[in-house]
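Student: I am new to this structure and would like a close look at a single part, the salt bridges.

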Amino acid sequence: IGGSYQQFKADANIINTQAGAAAAGLGGRTQVNTWHLGIDWMIYGPHGVRAAYSKAGDVKGLFTVGAASLSNPTGITGSTMANRPAAGPSTSANMAQIRYVYQASKRTEFTLGYSRTTNAANAIYETGGATTTQYKGADSSAWGMALKHSF
């Protein structure tokens, strides 16, 4: 069983993406608090399960979330931290994941799992990482399979 708590902060220049111009000399700070809980349990013999739950709170700070448009589908009107929405209400998200683990030998492991990210109305987190194509409030999920061998 494991867990973590992190507080991410980012300082940046304000950019008005809807007007396409930078606000010279102005800066801002965004902040988001996150936590994560996980378990790795070998149930019987080579069979096990790994499960985790992560939560990112609302992004707080100077930047705001505006109206979405064809040229700006996320509605972001300010600089953001990597893979996080601009500051504003309803920018939280959570992720749940579960994996079956098969330990074929001391050096070889097979996993099969499912992950789902659920966004609040203005959040743009994605299960796979980057937020470049994610629409506000859209949820994402993924199935994954891996074979790990240590040499």
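Student: Before that, what is the mean pLDDT of the protein, and what share of its residues reach 70 or more?

Tutor: The mean pLDDT (the predictor's confidence in each residue, from 0 to 100) is 78, and 67% of the residues reach 70 or more. This is a predicted model, in which local features need pLDDT of at least 70 and side-chain atom pairs count only at pLDDT 80 or more, while totals for chains, interfaces and linings use all residues. Residues are numbered from 1 along each chain as its sequence is written, and side-chain values use heavy atoms, with hydrogens and water left out.

Turning to your request, the structure holds three salt bridges, each being a side-chain nitrogen of Lys or Arg within 4 Å of a carboxyl oxygen of Asp or Glu. D40, R50 and E109 are linked in a network. In the pair of D40 and R50, the closest N and O atoms are 3.1 Å apart; D40 is in strand β2 (residues 21-44) and R50 in strand β3 (residues 47-56), ten residues apart, where strands are DSSP runs (E, at least two residues) numbered from the N terminus. E109 also pairs with R50, with the closest N and O atoms 2.9 Å apart, and because E109 lies in strand β6 (residues 108-119) and R50 in strand β3, this pair ties together parts that are 59 residues apart in sequence.

As for accessibility (buried means under 20% relative accessible area, exposed over 50%, partly exposed in between, with a 1.4 Å probe and protein chains only), R50 is buried at 18%, E109 is buried at 10%, and D40 is partly exposed at 46%.

Terms used:
Helices (H or I, at least four residues) and strands (E, at least two) are DSSP runs, numbered from the N terminus.
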